[in-house]
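Student: I would like a close look at a single part of this model, namely the strands and what connects them to the rest of the chain. Please take me through it in one connected account.

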Amino acid sequence: MDFASYVYAMGTTGGTGSTGSSGAGWINLVFIASIFFIFYFILIRPQQKMRKQHTEMLSALKTGDKIVTTGGIYGEITGIDNNVVTIEIAPKVRIKVTKESVSAVTKQKQG
């Protein structure tokens, strides 16, 4: 008996004509579903949580808070419009940045 006929004989399931590959379809489906769940719990869900926290932080901004922008600029908020925040980075030096570019609040104003 040569190798090719041996492999062919292993693929048969007793004369019914099916090759037994229906079980492999379920295994592939379970594998793909498990990969999706791994990606969801390791990548997607934590990213959504961080985005929600950032949005809450942006909505709580008020005049007098000390902040850091995504560019690394430290300053104190002197004014807030809809999507624009005016920050003072040095005495009498004010710049305007988008609200989304605020990455962290270093010290909140008391009161």
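Tutor: In this predicted model, strand β1 (residues 66-69) and strand β2 (residues 74-80) run antiparallel and are joined by three bridges. One of the residue pairings here sets isoleucine 67 against its bridge partner in β2, glycine 75. The hairpin of β1 and β2 has four residues between the strands, and within that hairpin glycine 72 takes a positive phi near 90 degrees.

From β2 the chain passes to β3 through a hairpin of three residues, and these two strands, which also run antiparallel, are joined by four bridges. Glutamate 76 has glutamate 88 in β3 as its bridge partner, and glutamate 88 deserves attention, since the next pairing involves it too: glutamate 88 stands opposite arginine 94 in β4.

That brings us to β3 and β4, an antiparallel pair joined by six bridges. The hairpin between them has two residues between the strands, and lysine 92 is found in this loop between β3 (84-90) and β4. Lysine 92 is not a glycine, yet its phi is positive, at about 65 degrees. With a relative accessible area of 80%, lysine 92 is exposed.

The backbone pairing of glutamate 88 and arginine 94 has a side-chain counterpart, for glutamate 88 forms a salt bridge with arginine 94, in which the closest N and O atoms are 3.8 Å apart. A salt bridge is counted here when such atoms lie within 4 Å, so the separation of 3.8 Å qualifies. The two partners fall into different accessibility classes, because partly exposed covers the range between 20% and 50%: glutamate 88, at 25% relative accessibility, counts as partly exposed, whereas arginine 94, with a relative accessible area of 54%, is exposed.

The structure holds four salt bridges, and another of them involves a residue just beside the strands in the numbering, aspartate 65, whose side chain meets that of lysine 62 at 3.8 Å, N to O. Aspartate 65 counts as buried, at 0% relative accessibility, while lysine 62 counts as partly exposed, at 31%. In general terms, side chains of opposite charge can pair when their charged atoms come close.

A further salt bridge leads out of the strands to a helix: arginine 51 pairs with glutamate 100, and the closest N and O atoms are 3.4 Å apart. Arginine 51 lies in helix α2 (residues 22-59) and glutamate 100 in the loop between β4 (93-98) and β5 (102-107), so this salt bridge ties together parts that are 49 residues apart in sequence. Both ends of the pair count as partly exposed, arginine 51 at 45% relative accessibility and glutamate 100 at 46%.

Histidine 54 adds to the picture of this region, as histidine 54 is also placed in helix α2 and, leaving aside residues up to four places away in sequence, touches Glu100, Val102 and Ser103. Glu100 is thus a contact of histidine 54 as well as the salt-bridge partner of arginine 51. Histidine 54 counts as buried, at 18% relative accessibility.

Following helix α2 towards lower residue numbers, one comes to a nonpolar patch on the surface, formed by Phe31, Ile32, Ile35, Phe36, Phe37, Ile38, Phe39, Phe41, Ile42, Leu43 and Ile44, which together have about 1,100 Å² of accessible area. Phenylalanine 41, one of the patch residues, is found in helix α2.

The structure holds two aromatic pairs. Phenylalanine 36 and phenylalanine 37 form an edge-to-face pair, at 5.7 Å centre to centre and with 65 degrees between the planes. Tyrosine 40 and phenylalanine 41 likewise form an edge-to-face pair, at 5.1 Å centre to centre and with 80 degrees between the planes. Phenylalanine 37 counts as partly exposed, at 49% relative accessibility, and tyrosine 40 also counts as partly exposed, at 28%.

Terms used: Residues numbered from 1 in each chain as written. Predicted model: local features only at pLDDT ≥ 70, side-chain atom pairs only at ≥ 80, totals over all residues. Heavy atoms only, no water. Buried < 20%, exposed > 50% of the residue type's maximum accessible area, 1.4 Å probe, protein only. Patch = residues over 30% accessible without salt bridge, like charges linked within 9 Å, V, L, I, M, F, W, Y side chains within 5 Å. Areas by Shrake-Rupley, 256 points an atom, 1.4 Å probe, with all protein chains shown as cover. Contact = heavy atoms within 4.5 Å. Phe/Tyr/Trp six-rings, centres within 6.5 Å; stacked < 30°, edge-to-face > 60°. Pairing = 2+ DSSP bridges.
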